[in-house]
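Notebook, one sitting with the coordinates open. I wanted the overall layout, the contacts and any odd backbone spots.

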Amino acid sequence: MTPLSIAFVPLTDAAVLVAARERGFAAAEDIDLTLVRTTSWATVRDRLVYGQVQAAHMLAPLAVAVTLGLSQQPAAIAAPFKLNVNGNALTLAADFAAALDPVSRNRITDPEATAHDFAGAIGLHRRKPIIGVVHRFSSHALMLRYWLGYAGVDPDRDVQLRVLPPSLMVEALRAREIDGFLVGEPWSSVAVDSGLGEIAAVGASIWRRGVEKLLAMREDWAEANAALVDRLLRALDRAARWCDDPANRSDLAELLARPDYVAQPAALIERALGGQIWLRRDEAPVEVPDFLLFHREAANFPWRSQGLWIYSQFVRWGFTAASPDAEAAAARVFRSDLYRRALAGSGTPMPGASMKLEGALGAPLGVGSDRGTLTLGPDRFFDGRVFDPSRIEEYLAGFAR
Amino acid sequence: MRIAIVDESGLRATILEDGLREAGYDDITLVPPRGAFVARLEALAPDIVIIDLGTPSRDSFEEMLAVSRALARPIAMFVDASDETMIGEAIDAGVGAYVVDGFAKERVKPVLDLAIRRFNAFAALRSELEEARTALAERRLIDRAKAILMKSRGLSEADAYALLRKTAMNQSRKIADVAQALITASELLGEMP
């Protein structure tokens, strides 16, 4: 068996990697997979960039940032596979959430109103609200900025975004060091279950099919080990299909609950897997069927347009200056070519294109695929804007900031 | 040269501090990565930050580097990115070093070398301690299992041990595992010695 190490952060969306190892999908491709539990994104990045591991569970924007040289040692990152779509939630302390719609379900179903309510609550709060995010270069932070920006909130001026590791968010909320946080599961469910906060928004209600975690590797390593990359992707494709099957849900929750993975109660982990989300502790859960996707709708396909959307947001928030070189480098991170090569012989439907308009689908749509039918789910941004990867400048000009 | 040590383990931080002082560095501050540690570091303005790569607070620390106005000079992780052997050793040992731009790498290398050695020594110490603890726990299990056999089967201590050992060899298991199984079974059957 070929030994292979992958670094991960203990979160529900490391599920595909865990299933690949624990349910034999890696072994079936003759890969002896080791998962290296890592407690910060900085250390995941360093382990990958300096070659201590061959691949990593990585925040999509961080992969772009490392490639652009915005996060310590620059390295060209190749992401041939998305590990999931969606999966985040915004949790607010009860006193801050009191300024929002009192019916918790309405906050999720009407993100426009909730954004405006949030904006109105800022001035009434006892301090400038402090919202925890896991990393400057996280999908969560970009979505929070996007959502607040819609309501005229300047995320660098009107709120304070504080970077905290996911595992410390709940304690920081308990100690009232922060007024809320936007983080991957199971941490929002843990906070709700402890009665410390209320879920006020979910990733899927801000961007219906949001980019989240990637399988990242160094580009030079991926090129030198093409056959192994193909085997790994085939293993992950089957593992992702297994994770998405409702029949395996409780087995998966038990696996993730183990101390060497997420180390949180299986019942809390299962909420996100089944899209049964408790917004408040003492209410019935609400159904969010697209809370977290692992495989269906070609969830793992690395659309190059999504790398460019991340780049557009980096430019929007001043993380990097607009330049053709940076744009090209960001588009190269999402390696749909490697995905196609590896899964050419599999039964997984393959999109015909590698770029698409992001946010153009209001309803499910059957699209061109080389085999079987492929239905893409609705992928609207909550404000109805559409991202055209060939007209980034125009897209950015449409935002006040 | 002002050095800050950010480490979850107070003991390891102290061991590293002692080593640095012996080597002639005297401006050293320990900053545990809890609460408002980022603000403390910002006020301290160290030239080198030695950080435990296992701390979940690294992302908070790097955010400070990205936004702080107090830090006028850029700070890079590992001063000499071309020295891959050393960086590999550092990551294996769990040590990171952030160095203020403009610091000569000849001045940083001995500090990092020392940190790697002390981190490794600490890890070795801890695994020895862990082994000793396991050995002690296994001894206790075997003693209890022997006592059960001596009482229930009227064996001498030496014979009880020989029986445990023979069973373990026949089943290719550790003596401690056989002892544990025996204790569990005996508890279920209500024959606590």
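Before reading off any order of elements I fixed the terms: helices are DSSP runs of H or I with at least four residues, strands are runs of E with at least two, and both are numbered from the N terminus. I also noted that this is a predicted model.

**Entry 1: chain B, elements and extent**

I looked up the elements of chain B and found seven helices and five strands. Along the sequence they run β-α-β-α-β-α-β-α-β-α-α-α. The pattern thus ends on α-α-α.

I then checked the extent of chain B. Its C-alpha trace spans about 80 × 30 × 30 Å along the principal axes. The radius of gyration of chain B is 26 Å, whereas a compact globule of 193 residues would have one near 16 Å.

The domain assignment splits chain B into domain 1, residues 3–127, and domain 2, residues 130–188. I took the C-alpha centres of domain 1 of chain B and domain 2 of chain B and got a separation of 47 Å.

**Entry 2: chain A, elements and extent**

For chain A I counted 19 helices and 16 strands. The C-alpha trace of chain A spans about 60 × 45 × 40 Å along its principal axes. Chain A has a radius of gyration of 20 Å, which agrees with the value near 21 Å for a compact globule of 401 residues.

**Entry 3: domains of chain A**

Which residue ranges make up the domains of chain A? Domain 1 is assembled from 2–85 + 210–262 + 294–343, and domain 2 is 88–206. Their C-alpha centres are 26 Å apart.

I listed the contact between these two domains: domain 1 of chain A puts in 19 residues and domain 2 of chain A puts in 16 residues. On the domain 1 side, the elements giving two or more residues are helix 4 (60–67) and helix 16 (304–316) of chain A. Helix 4 of chain A gives the most to that side, with four residues. By class, I sorted the domain 1 side into 11 nonpolar, six polar and two charged residues.

**Entry 4: chain A against chain B**

I turned to the contact between the chains, which takes 19 residues from chain A and 17 residues from chain B. On the chain A side, helix 3 (41–49) and helix 9 (166–174) each supply at least two residues. Which helix of chain A gives the most to this side? Helix 3 of chain A does, with five residues. The chain A side holds eight nonpolar, eight polar and three charged residues.

I followed helix 3 of chain A across to its partner, helix 3 (residues 58–67) of chain B. The two axes come within 7 Å and cross at roughly 90°. Angles of 65 to 115 degrees count as roughly perpendicular, and the two helices are therefore roughly perpendicular to each other. From helix 3 of chain A the contact uses Trp41(A), Ala42(A) and Thr43(A), and from helix 3 of chain B it uses Arg58(B), Asp59(B) and Glu62(B). I classed the residues of this contact as two nonpolar, one polar and three charged.

**Entry 5: a helix pair within chain A**

Next I took helix 14 (residues 249–257) and helix 15 (residues 266–274) of chain A. Their axes come within 8 Å and cross at roughly 130°. That angle is neither over 145 degrees nor within 65 to 115 degrees, so helix 14 of chain A and helix 15 of chain A are oblique to each other. The crossing is right-handed.

Helix 14 of chain A brings Arg249(A), Ser250(A), Leu252(A), Ala253(A), Glu254(A), Leu256(A) and Ala257(A) to the contact, and helix 15 of chain A brings Ala266(A), Ile269(A), Glu270(A), Leu273(A) and Gly274(A). I get seven nonpolar, two polar and three charged residues for this contact.

**Entry 6: backbone checks**

I went through the backbone last. Most residues other than glycine have a negative phi, and most peptide bonds are trans.

Asp30(A) is not a glycine but has a positive phi of about 65°. I placed Asp30(A) in the loop between helix 2 (25–28) and strand 2 (31–37) of chain A.

Is the peptide bond between Glu185(A) and Pro186(A) cis or trans? I found this bond to be cis, with omega about 10°. Pro186(A) sits in the loop between strand 9 (180–184) and helix 10 (187–193) of chain A.

Methods: Residues are numbered from 1 along each chain as its sequence is written. Chains are lettered from A and ligands numbered from 1 in the order in which they are written. This is a predicted model: local features need pLDDT of at least 70, side-chain atom pairs count only at pLDDT 80 or more; totals for chains, interfaces and linings use all residues. Domain bounds come from an automatic or database domain assignment. Axes are lines fitted to C-alpha atoms, for helices over the stretch in contact, and angles run from 0 to 180 degrees between N-to-C directions. Angles under 35 degrees count as roughly parallel, over 145 as roughly antiparallel, 65 to 115 as roughly perpendicular and the rest as oblique. A crossing is left-handed if the near helix is turned anticlockwise from the far one by less than a right angle, and right-handed if clockwise. Two residues are in contact if their C-beta atoms, placed from the backbone, lie within 7 Å. Ala, Val, Leu, Ile, Met, Phe, Trp, Tyr, Cys and Pro count as nonpolar, Asp, Glu, Lys and Arg as charged, and the others, Gly among them, as polar. The radius of gyration is taken over C-alpha atoms; the globule rule is 2.2 Å times the number of residues to the power 0.38.
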